[in-house]
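This report covers domains, strands, a chain contact and a helix pair. The sequence and structure are shown first.

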Amino acid sequence: MLSRLAENLYWHGRYLERAEDIARLINVNTTLNLDLPAGLSAGWEPLTRITGHAAAFHALGHQPNERQVVRFLLADETNGGSLRATLQYARENLRSARDLLPREVWEQMNALYLKGEKELGGTLAKRRRQDFLHDLILDCQQIAGMLLGSMSQDYAYDFMLIGRYLERADMTSRILEVRGYDLLPDASEELTPYDSIQWMSVLKSLTAYQMYRRHIRLRVSGNDVLRFLLRNEQFPRSILFCLHAIERLIHELPADNDDALRTVTGLQRRVHEVRLEGLRGQPLRELMDQLQKELAETHGAISRSWFPSP
Amino acid sequence: MDMKNYKSEGFYDELIGDGGRPRAAARAAWKYLKSLDADEISERKSACELAAMVAGITFRVYFEDTSVDRAMPFDLIPRVISLKEWRQTEAGLQQRVRALNLFIDDLYNDQKIIRDGVFPGELLADSANFRDACRGVRPPLGIWAHICGSDLVRDGDGTLYVLEDNLRIPSGVSYMLENRQVMKRVFPELFEDSGIQPVDEYPSQLYDTLASLSPRPAEYPTVVVLTPGMYNSAYFEHAYLAQQMGVELVEGRDLIVDENDEVFMRSISGMEPVDVIYRRVDDAFLDPEVFRADSMLGVPGLMRAWRAGKVAIANAPGAGVADDKVVYAWVPEIIAYYLGEEPLIPNVPTWKCGHPEDLSYVLAHLDELVVKPANESGGYGMLIGPRSTKKERQEFKRLIKADPRNYIAQPTLALSTCPTFVHSGVAPRHIDLRPFILSGQHTHVTTGGLTRVAMKAGSLVVNSSQGGGSKDTWIVDTERS
């Protein structure tokens, strides 16, 4: 398999996961804001931080209100990380590698891209937006399902999945970094009665709520959520689950995989060993930041081992 | 659908003959289409547009500084040819390509045809497509143009002519294959017991042709398709053919030529040897060591590898020398010289502006003729006399006089028409046909080919880059159905 295509598929996996994640973030935040009293509104600004575009957003002079943040995240032309751009990249990367996948996957991706171009090209009414994003999540999952159901689990498949899990782990850590810091501030302030609603929304933005409830039957609480999303070994969006998946997939790959394996197992160790009791505020933020750095190193190691040299 | 009033005044119509009656091969299709009501038609139309969009059947159009993906317009009404007629056309195409390959091989080696005074040597001297770097090369099987796309047109009296040969990197075959897929999805009823010949053998024939060129005796040679990349207008086709053949689609940056002149591709398991390259990159960009030094699309050292016989390239570099529009005018002589045969499919009568007497005729009759530059494709840079303005003719006069050898002229053909869905119903539109001829260990001709259609009323320009569309092409065995 060509190194260039391995890279394309890896990025396709990342972008498709990212598209799904952005859609879910927006929808969950919309619902959350409906549930909270005006004074406690979670607002929209955190979404620019989670997606890593806060600086760009502010530099443009935008106001952190719903309309502007959502527009920025969905389709702003200056935002290379917008949902629209993400769908374009997901398609472009797949386009060059389409001959490695079942044809239906390309057709579905292409249809999804066209839908995105159509809906995100203009302004999207709030009502319509919820439906569109909901459908988009389903469309992304449909592609994941097609791959699972009709694609040989060959190298092409491995690279797509590595991309997906790496992106997912990264997104989970970003959500925890921003939301965790906002909800578990440094000082030991009294937790507000709406805390558990907010933690529920953190879970929901990772579709983790239902699985969390089955796993932990107590009232939703900050540190339990943190532990679940970091260390649960069965839930497919927990960071540890993603890291195990990446490790397994890297084992399948040919040639020299030592570097990539080393960084991934190093990450797993850190996630296992870090003390979660009472973790909050700045140290929590730093931990997540560190995880993101190491995920970036994992990407670097994968890139050096299998992608074309720049 | 009301088609009683369909009439193609003054032209040969491919489906409807004298007295408004469908031709034998088209009878079943016409009867069926007539039975559909307007709702049914529009339902099928949307189904097929959707199928084409979803499949990503697009080509890229460049306009000023931007480019966009556009779906190629597809018309639901098929173009139908009887199997009996097609058998003759097929033979004519094989004859033509055989002669052209002998011609190319001769030009790069002994140049007997020039020494025998049949083909003028000075034409070669200023041909833009003659590559010095190819002199003395003997490619496998002596074949240079492994994949040829020849454009056929039918004149008012029903005669089929070859309008031009494309021996460099002809495209369009993927649309032929996709159009059939779409038609089968949208009109399954029509394909039952209809005697329509299948087209889908092409990818395996292409693979066999390419594999037969391998320099390494191996059961499964490594064949790759070399594309300029996804911003190329025909990228869809490159990806499609690679997928259909089950081979890698590579770009220049994926390949490397080592110091032993061997070609490898960069894979996740390291360097893998490559035997045959089906290249869809123009000669000029193929190897920056030999041709354009600024090419980012090519592979440094590829010509070395090819000349050393370490890798086969299809079409061979330099094959384009024979599809120059000026060379075209000599094809009847070329066929006679190498094969001792009369052309089975005639050339369109052609004036060579490089000849003084032809030149003065052309300059005096610009308003009747079609003038084409030798080295442009895609319908760019043409003058269509009867539709031109005085200013355009003046401009062409100047261009031709400045470089007469670069121009040929042909009469304006009364291109045949085919019923086509238009906004107001069904109307005649002009069409041509591009069959593809494969030459390797064996020769294959596509069953029919790609029918291109000028979507604008009266227009003769069928090129997709200029708004042309396409149709499914049916070769129908009337004796069977």
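## Domains of chain B

In this predicted model, the domain assignment splits chain B into three parts: domain 1 (1-196 + 322-348 + 413-481), domain 2 (216-310) and domain 3 (351-411). The centres of domain 2 of chain B and domain 3 of chain B, taken over C-alpha atoms, are 38 Å apart.

## Parallel sheet

Chain B has an open sheet of four strands in the order 7-6-11-12, paired in the parallel sense. Its edges are strand 7 (248-250) and strand 12 (312-314) of chain B; each has a single partner strand, so one side of each lacks a neighbour in the sheet. From one strand to the next the twist averages 30°.

Within this sheet, three bridges link strand 6 (residues 223-226) of chain B to strand 7 of chain B, in the parallel sense. Val225(B) has Leu249(B) of strand 7 of chain B as its bridge partner.

## Hairpin

Strand 9 of chain B and strand 10 (residues 270-273) of chain B run antiparallel and are joined by four bridges. The connection between strand 9 of chain B and strand 10 of chain B is a hairpin through two residues. Ser267(B) lies opposite Gly270(B), a residue of strand 10 of chain B.

## Contact between the chains

On chain B, 20 residues are in contact with 20 residues of chain A. Two or more residues on the side of chain B that touches chain A come from each of helix 2 (38-54), helix 8 (235-245), strand 7 and strand 9 (263-267) of chain B. By class, this side of chain B has 10 nonpolar, five polar and five charged residues.

Strand 7 of chain B thus appears in two settings: it is an edge strand of the parallel sheet, and it gives residues to the side that touches chain A. Strand 9 of chain B is part of the hairpin and also gives residues to that side.

## A helix pair in chain A

Helix 13 (residues 258-273) and helix 14 (residues 281-306) of chain A have axes that come within 8 Å and cross at roughly 165°. The two helices of chain A are therefore roughly antiparallel to each other. The crossing of helix 13 of chain A past helix 14 of chain A is left-handed.

Helix 13 of chain A makes the contact through Asp259(A), Ala260(A), Thr263(A), Val264(A), Gly266(A) and Leu267(A). From helix 14 of chain A, the contact residues include Leu291(A), Glu294(A), Ala301(A), Ile302(A) and Arg304(A). The contact of helix 13 of chain A with helix 14 of chain A comprises six nonpolar, four polar and four charged residues.

Terms used. Residues are numbered from 1 along each chain as its sequence is written. Chains are lettered from A and ligands numbered from 1 in the order in which they are written. This is a predicted model: local features need pLDDT of at least 70, side-chain atom pairs count only at pLDDT 80 or more; totals for chains, interfaces and linings use all residues. Domain bounds come from an automatic or database domain assignment. Two strands pair if DSSP finds at least two bridges between them. Axes are lines fitted to C-alpha atoms, for helices over the stretch in contact, and angles run from 0 to 180 degrees between N-to-C directions. Two residues are in contact if their C-beta atoms, placed from the backbone, lie within 7 Å. Ala, Val, Leu, Ile, Met, Phe, Trp, Tyr, Cys and Pro count as nonpolar, Asp, Glu, Lys and Arg as charged, and the others, Gly among them, as polar. Angles under 35 degrees count as roughly parallel, over 145 as roughly antiparallel, 65 to 115 as roughly perpendicular and the rest as oblique. A crossing is left-handed if the near helix is turned anticlockwise from the far one by less than a right angle, and right-handed if clockwise.
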